[in-house]
Amino acid sequence: MKHAKILILILLLCIVPFISAAQSYYTLKVNPNPFYSPSNPFPGDDVVYSVKVEGKSNSSGDASDVNAEISFNESLFQPIKSKDSLGEIKQGDSSQAVFNFKIRNETPAGLYKFPIKLTYNNKFGLVTETFDVNLLVRQCFSLDMGGFTLSPSQPYAGEKFDVSVVVTNTCTGIARSSTV
């Protein structure tokens, strides 16, 4: 019984350093709340997409030669700038990775998930990790027209007249590039 306890103690002492090393292997993280402009992107828009890459304060050191790359479904999004070099990020510091792309006109409205791959060096060597970030593409297909009036109410051929129409946005978001 005494040997079994000693054997378990030795086993635990051997495993704990590996668990601790595995937890501190990854030095960076991507903030899950990106900034993008325009803030309400529609199909056809050129988008500037920025994510904050942070050095974990509880990691084992700094990250050097940090590179970020975002991947798209290219049938829906046209990459303009999909890679960014961030240099060195120290523990507790951060840097912005900035990407540019065009939302293709045929892209349906919805929430899209993009993987961002970080590649960097830390004291363990070359590290690659992937984080998911989101983009909400908006579209509006539901504008109601009502309150149609003419002035004069019965114009004659060749006579100029005014038309008045009330257009109501019944979309769940903003309406843009609407014509009547």
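Which residues is Gly 87 in contact with, leaving aside its neighbours within four places in sequence? In this predicted model, they are Ala 63, Ser 64, Asp 65 and Val 66. Gly 87 itself belongs to strand S6, which spans residues 83–89. Its relative accessibility is 32%, so Gly 87 counts as partly exposed, above the 20% limit for buried residues and below the 50% limit for exposed ones. A further pairing in space involves Tyr 120. The C-alpha atoms of Gly 87 and Tyr 120 lie 8.9 Å apart, although 33 residues separate the two in sequence.

The chain as a whole contains one helix and 11 strands. From the N terminus on, the order is α-β-β-β-β-β-β-β-β-β-β-β. Contacts often span long stretches of sequence. Among those between residues at least 6 apart, 65% join residues at least 24 apart. Of the 180 residues in the chain, 27% are buried. The chain exposes about 11600 Å², and carbon and sulfur atoms supply 55% of this area.

In soluble globular proteins, nonpolar side chains tend to be buried together. Here, the largest nonpolar core has 30 residues. Those with the most contacts inside this core are Tyr 49, Phe 77, Phe 101, Phe 114, Leu 118 and Leu 135. Several strands contribute. At least two core residues come from each of strand S1 (28–30), strand S3 (46–55), S4, S6, S7, S8 and strand S9 (125–137). Leu 118 shows how such a residue is surrounded. Not counting residues up to four places away in sequence, Leu 118 touches Leu 28, Val 30, Val 53, Asn 67, Ala 68, Val 127, Thr 128, Glu 129 and Phe 131.

Aromatic rings were examined next. Ring centres within 6.5 Å define a pair, and by this rule the count comes to 10 aromatic pairs. One of them joins Phe 72 and Phe 101. Their ring centres are 4.7 Å apart and their planes meet at 50°, so this pair is tilted. Phe 72 sits in the loop between strand S4 (63–70) and strand S5 (77–81), whereas Phe 101 lies in strand S7 (residues 94–103). The pair therefore ties together parts that are 29 residues apart in sequence. Both rings belong to buried residues: Phe 72 has a relative accessibility of 13%, and Phe 101 has 0%.

Phe 77 and Tyr 112 form another pair. Their ring centres lie 5.1 Å apart with the planes at 80°, so the geometry is edge-to-face. This pair links distant parts of the chain, with Phe 77 in strand S5 and Tyr 112 in strand S8 (residues 110–122), 35 residues apart. Phe 77 is buried at 1% relative accessibility. Tyr 112 is buried as well, with a relative accessible area of 15%. These four residues take part in one aromatic cluster, formed by Tyr 36, Tyr 49, Phe 72, Phe 77, Phe 101, Tyr 112 and Phe 114. Among the cluster members, Tyr 49, Phe 77, Phe 101 and Phe 114 are also listed with the most contacts inside the largest nonpolar core.

Nonpolar side chains also occur at the surface. Leu 143, Met 145 and Val 167 make a nonpolar surface patch of about 260 Å². Val 167 is part of strand S11, which covers residues 162–169. With 37% relative accessibility, Val 167 counts as partly exposed.

How values were computed:
Residues are numbered from 1 along each chain as its sequence is written. This is a predicted model: local features need pLDDT of at least 70, side-chain atom pairs count only at pLDDT 80 or more; totals for chains, interfaces and linings use all residues. Side-chain values use heavy atoms; hydrogens and water are left out. Rings of Phe, Tyr and Trp (its six-membered ring) pair if their centres lie within 6.5 Å; planes under 30 degrees apart count as stacked, over 60 as edge-to-face and the rest as tilted. Helices (H or I, at least four residues) and strands (E, at least two) are DSSP runs, numbered from the N terminus. Buried means under 20% relative accessible area, exposed over 50%, partly exposed in between (1.4 Å probe, protein chains only). Contact means heavy atoms within 4.5 Å. Accessible areas come from the Shrake-Rupley method with a 1.4 Å probe; for residues, only the protein chains shown count as cover. Patches are made of residues with over 30% relative accessible area and no salt bridge: like charges are joined within 9 Å, nonpolar side chains (Val, Leu, Ile, Met, Phe, Trp, Tyr) within 5 Å. A salt bridge is a side-chain nitrogen of Lys or Arg within 4 Å of a carboxyl oxygen of Asp or Glu. A nonpolar core is a set of buried Ala, Val, Leu, Ile, Met, Phe, Trp, Tyr and Cys residues joined through side-chain atoms within 4.5 Å.
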